[in-house]
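Student: I've got a model open and some labels I'd like to challenge. Can we go through how each one is earned?

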Amino acid sequence: MKPEKKSYLRHALKVGAIVLTMVLSALTVYAAYSGTIHPQRSLIAPMAALAFPFILALEVATGLVWLIARRWRCSLIVWVAVLIAWPSVRVVSPLNVFPHAYTPAEDSTKFKVLTFNVENFKVAYYADKKRSLKAGEATARYIMEQDADVVLLQEASLSADFNNLPFMDSIKKVYPYRDHGYHDQVILSKHPYEAVVDDSIKNGFASPDDPLNNYHFFARAFDVQIPGHKVRIFNLHLHSLLLSNDDRQFYVDLTKLKQKNDTEATKKAGKTLLAKINEAFCHHAQEATLLRRIINQSDANVIVCGDFNDVPTSYAYRTIMGHDMTDAWVKCGFGPTVTYHMSRLFFKIDHILYRGDMEATEIHRHKAGESDHYPLVATFVWKR
């Protein structure tokens with residue numbers, strides 16, 4: 001190849017790389033704030049919010065490549081975009097390096113809250129009864145080991161009566177206050193509580209009697225008497241994505257870059273998947289608006305936790321957060337994490353949010369139990 005052709009090709013590649021960097025940087029900023037757009041107004045926006053952690057990882061990798069190549073101006077494009085997107089960056093990847101140092105006063109007021117979508121304790125998932133019970137026992141054992149003051153479970157439906165399963169005996173001894181409510185939104189508490197009845201939830205689209213609900217959105221609230229304080233704790237399960245096995249397999253094949261010969265079938269499967277996801281996001285927006293209204297009517301001390309079926313930076317997450325809530329993971333977690341891990345769907349869709357006289361001092365995501373979700377457990381102290 002002639003020198004002038006080599007020079008032209010090198011220049012073209014450089015220009016192309018710069019253009020791609022600019023496009024990726026613009027996409028990073030858009031994805032960071034796409035959760036401010038109502039899902040009904042845009043099909044792309046909620047998908048961009050869903051993909052933001054992966055777009056961000058690619059953006060940071062691009063910036064590092066430019067630094068290694070000593071192309072400072074090109075690298076600057078990346079870091080300016082990251083800086084603009086920083087409010088969302090710190091939500092998906094907080095950098096809390098140092099553990100909280102408890103004062104004696106704080107140490108005496110600590111309390112823990114555990115949220116866990118237990119996927120029915122796996123009790124009905126295996127034909128082998130012994131295997132089923134072993135899976136359920138693994139989840140129950142984890143709950144016992146954490147010794148949380150309040151445990152909120154989602155999808156805790158069981159093939160036998162909730163109180164009669166063998167592995168529940170030990171739990172009942174530790175948690176004298178418990179309730180197994182509709183759609184198996186379970187609370188286990190060491191402290192007394194009163195269930196909160198709100199007409200908009202009880203009789204609205206979240207009602208278990210509402211056929212339009214399809215048993216996929218449920219919210220329960222409890223006024224728990226933590227010694228010296230009352231805390232309203234919401235246990236959430238926002239609308240499921242309702243993906244079929246075929247939908248999941250299509251997604252797995254897509255992420256593995258597997259191509260199918262039937263192009264039309266592939267396009268149809270892709271459209272079906274996008275339509276289901278967008279429908280779920282629209283449900284989330286409606287549900288989050290309802291929940292936010294109830295939160296606004298609640299007393300100061302509020303904890304909202306559970307399976308949001310949506311990511312941080314999403315429209316639903318932002319709506320529930322409002323301007324007065326704090327994300328426990330953002331406050332004291334470190335780095336990106338996932339709480340759902342099946343079918344290559346690696347997303348953080350379980351959250352613990354709070355406001356009031358309490359402060360989160362620790363939060364852990366454990367790979368424990370037998371479920372398609374990972375649990376979150378947060379420690380709080382009282383500020384006064």
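Student: How do you know that β3 and strand β4 pair, and in which sense?

Tutor: Keep in mind that this is a predicted model. Pairing takes at least two bridges between the strands. β3 and β4 (residues 186-189) have 4 bridges, so they count as a pair by that cut-off, and the sense is antiparallel. For one contact of this kind, take histidine 180: its bridge partner in β4 is valine 186.

Student: What makes β3 and β11 the edges of the sheet?

Tutor: Look at the strand order, β3-β4-β2-β1-β12-β11, in an open sheet of 6 strands with mixed pairing. β3 (177-180) and β11 (358-365) each have a single partner strand, so one side of each lacks a neighbour in the sheet. As for the twist, neighbouring strands are turned by 15° against each other on average, ignoring direction.

Student: Now the second largest pocket. What is its volume, and which residues are closest to its centre?

Tutor: The volume is about 350 Å³. There are 15 lining residues, and Pro87, Val91, Tyr317, Met321 and Gly322 are the closest to the centre.

Student: Which element gives the most to that lining?

Tutor: α4, with 4 residues. The elements that give two or more are α4 (86-92), α11 (315-321), β9 (326-327) and α12 (328-332).

Student: How do the lining residues divide into nonpolar, polar and charged?

Tutor: The lining of the second largest pocket has 6 nonpolar, 5 polar and 4 charged residues. Watch the glycine: Gly counts as polar here, so Gly322, one of the residues closest to the centre, goes into the polar group.

How values were computed:
Residues are numbered from 1 along each chain as its sequence is written. This is a predicted model: local features need pLDDT of at least 70, side-chain atom pairs count only at pLDDT 80 or more; totals for chains, interfaces and linings use all residues. Side-chain values use heavy atoms; hydrogens and water are left out. Axes are lines fitted to C-alpha atoms, for helices over the stretch in contact, and angles run from 0 to 180 degrees between N-to-C directions. On a 1 Å grid over the protein atoms alone, a cavity is a set of points where a 1.4 Å probe fits but cannot get out, and a pocket is an open set with protein on both sides within 12 Å along at least five of seven lines; lining residues have an atom within 4 Å of a point. Grid points are joined across faces, edges and corners, and a volume is the space filled by probe spheres set on the points.
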